[in-house]
Amino acid sequence: MILGRAFEDMCAQMYYRGKMFGFVHLYNGQEAVSTGFIKLLKQQDSVVSTYRDHVHALSKGVPARAVMSELFGKTTGCCRGQGGSMHMFSREHNLLGGFAFIGEGIPVATGAAFTSKYKREVLKEADCDHVTLAFFGDGTCNNGQFFECLNMAALWKLPIVFVVENNLWAIGMSHLRATSDPQIYKKGPAFGMPGIHVDGMDVLKVREVAKDAIGRARRGEGPTLVECETYRFRGHSLADPDELRDPAEKAHYAARDPITALKKYLIENSLASEADLKAIDKKIDEVVEDAVEFADESPVPSQSQLLENVFADPKGFGIGPDGRYRCEDPKFTEGTAHV
Amino acid sequence: MAAIFQGVGAAPALSSLPSNSFDSKNILFSPRRSFSVRKAPSFVVVRSDGTMNLDLNPKGRRAQQFIANAVATKEDSSAASSSSKPGHELLLFEALREGLEEEMERDPRVCVMGEDVGHYGGSYKVTKGLATKFGDLRVLDTPIAENSFTGMGIGAAMTGLRPVVEGMNMGFLLLAFNQISNNCGMLHYTSGGQFTIPIVIRGPGGVGRQLGAEHSQRLESYFQSVPGIQMVACSTPYNAKGLMKAALRSENPVILFEHVLLYNLKERIPDEDYICNLEEAEMVRPGEHVTILTYSRMRYHVMQAAKTLVNKGYDPEVIDIRSLKPFDLYTIGNSVKKTHRVLIVEECMRTGGIGASLTAAITENFHDYLDAPIICLSSQDVPTPYAGRLEEWTVVQPAQIVTAVEQLCQ
């Protein structure tokens, strides 16, 4: 959680210093959800997120260096600089994205869960119990793809957990103004799956609920809908002036900062000392500093990268007038060809 | 008047028998016994002057080709005459099914998802029997949620499966546009090459028989700008099976466009395994005077017009472009360099259709070789009306093709 918070704070700094551009959505305040869920997963389990995906990536195991480089648009980024803030992917850690349009990641997550079931039942890999977690927000819960996927996941008992990060705001649209029935967890039973509400500012409570839901999915009992009540301390993105939200509301949730809460719990229950916690803070700062340094020093993508990765099989660019496949033209590897 | 009568014992292939020496005994004569010819299918071609050609070597008759029916049977002899097995006859939808079934047997990761593909066997029976054979999970009946199940297919493709997503009618895939544009085409790139999406999206489209505007759509023009996908259109049982197999084996996302009116075309296709290259165009009829580029159902309107044109003394070269994205600029270019005149016949709308892109591509690449401006015949920019005659007037008809060629060749 500390890594998530420190990283996001550094992102803000870097953004204002002109090291990264575009739309950057920070996760400050919601760390308990990411840590509470993702830390229970194995490497082969999959995570699908939205544009607010930096911390999901970090929790899943993507190195801070790779994420920071990606944000700086460098070729050492996890997506070679081609994805950016909103499109974090990692094959190694099974992070399936990073999606800019809300709701479009949920079917992809459903597909990953489908593959898990397929592997077990059709390909007969009996020990395949991979689970997929789909993270999305309150705004997405009014989107068709959400409901369509709840239906399909319940219908086929797919090993997936739908995690709603309800931070009450979709940019400037309050959840209460957009939703006929704002209690999202109630929508689970309508589709035949359990719907659970949890305090998303308390990482231990989130973890308990996550254990149940992920366990259910692993045993093949089907999907669960978990609504985490959480809050983002910053604006929707770094471009959002955040003027609409009531300061009283912000103060209320700031008082429930998950990191502060966990620190207090650890100290009160003698699980760690102040010194231990300070050491963690320091270590994380070093990790983040190192990530920035690494990203700064990494090379910018060269033009030769422009046309790579458009197709997995570059024959897809077709046959040119000279009879050769266009991808054999050296201009393609240089990136100067016109597609 | 008595021409040489080539009897049973004669060695070379039979060419034309004079009409007055033509009697029923000759028909019973079996070429395969007396000539050491491979067991190639023999074609009987009816000429307009009444004589019959019992033609044993399909290659030899190319110079005087005269097509007896509007549906062009596969002329290209490379598969037909070089195979040692006789091949088998089937309908286009069966060819698609055969291709799909063979790939499903070959690779257990290939699966199908779509509405009514399982128990119902597919709205055009392309997946008939597959659910019984491979199970309900491999041939998945989905609820009516195109955007979501297409996205599900994409997620499955990213995590190791090779799904085929069927749009019950291509038009329904408009609902899946989000997934096809954002995820299908782009994810390989935005993930920096980490994830491949070996998905095949297929379904029937095009203008049918009075199906109404919404069921008569041509989505190839809408998807052609999406980067990262390939689009192919099948038109004969041979290329339907070949393209289906090639698409399933490809690591790229491929959209395979089928046409509602072509599912019952019959053709004899080879028994052995073959694929049709996804990026190549198909030479349907070589010629000298004009290049006609077409695809899908319009191929048959073109071939029908070709009959008329040949009678009028023209020699059109007909190419089925097959690969709608990317274009096979080699085959197309060679043709343009030979004939210097291009006519594009398509079923897309005029505005922003495949023909529009093709016109631009040809002008850019082969401008110097053109003796006349390119003529592009497309459907009218009109929602397809229900009334039969009105519907006829929205798509290109053979008579228009003939007129266009005459205009080009002035």
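Between which two helices of chain A does the loop holding Gly98(A) lie? The views below take up that question and a few others, in a model that is predicted.

**View 1. A cis peptide bond at Gly98(A) in chain A.** Gly98(A) belongs to the loop that runs between helix H4 (64–72) and helix H5 (105–121) of chain A. The peptide bond leading from Gly97(A) into Gly98(A) is cis, and its omega is near 10°.

**View 2. A cis peptide bond before Pro326(B) in chain B.** Here we turn to chain B. The bond from Lys325(B) to Pro326(B) is cis, with omega near 5°. To find Pro326(B), look in the loop between strand S14 (323–325) and helix H12 (329–339) of chain B.

**View 3. Ile171(A), a residue with positive phi.** Ile171(A) is not a glycine, yet its phi is positive, at about 55°. This residue sits in the loop that links strand S4 (169–170) and strand S5 (173–174) of chain A.

**View 4. Asp242(A), a buried loop residue.** Follow chain A into the loop between strand S7 (224–229) and helix H10 (247–254), and you will meet Asp242(A). Its phi is near 55°, a positive value in a residue other than glycine. Is Asp242(A) buried or exposed? The relative accessible area of Asp242(A) is 14%, so the residue counts as buried, the cut-off being under 20%.

**View 5. The two domains of chain B and their contact.** Chain B is divided into domain 1 (87–270) and domain 2 (282–409). Their C-alpha centres lie 26 Å apart. Domain 1 of chain B brings 31 residues to the contact, and domain 2 of chain B brings 27 residues. Between them, an area of about 2,300 Å² is buried, with 53% of it given by carbon and sulfur atoms. In domain 1 of chain B, the residues that lose the most area to domain 2 are Gln210(B), Arg218(B) and Gln224(B), together 27% of what that side buries.

**View 6. A closer look at the domain 1 side of the chain B interface.** Across this interface of domain 1 and domain 2 of chain B there are 21 residue pairs in polar contact, while the count of salt bridges is 0. On the domain 1 side, at least two residues each come from helix H9 (220–223), strand S8 (230–233), helix H10 (237–249) and strand S9 (254–259) of chain B. The largest share, 4 residues, is supplied by S8(B). By type, the residues of this side divide into 15 nonpolar, 13 polar and 3 charged.

Terms used
Residues are numbered from 1 along each chain as its sequence is written. Chains are lettered from A and ligands numbered from 1 in the order in which they are written. This is a predicted model: local features need pLDDT of at least 70, side-chain atom pairs count only at pLDDT 80 or more; totals for chains, interfaces and linings use all residues. Side-chain values use heavy atoms; hydrogens and water are left out. Domain bounds come from an automatic or database domain assignment. Contact means heavy atoms within 4.5 Å. Buried area is the accessible area (1.4 Å probe) that two parts lose on being put together, summed over both. A salt bridge is a side-chain nitrogen of Lys or Arg within 4 Å of a carboxyl oxygen of Asp or Glu. A polar contact is a pair of N or O atoms within 3.5 Å; within protein, one must be able to donate a hydrogen and the other to accept it, and residues adjacent in sequence count only if both atoms are side-chain atoms. Ala, Val, Leu, Ile, Met, Phe, Trp, Tyr, Cys and Pro count as nonpolar, Asp, Glu, Lys and Arg as charged, and the others, Gly among them, as polar. Buried means under 20% relative accessible area, exposed over 50%, partly exposed in between (1.4 Å probe, protein chains only).
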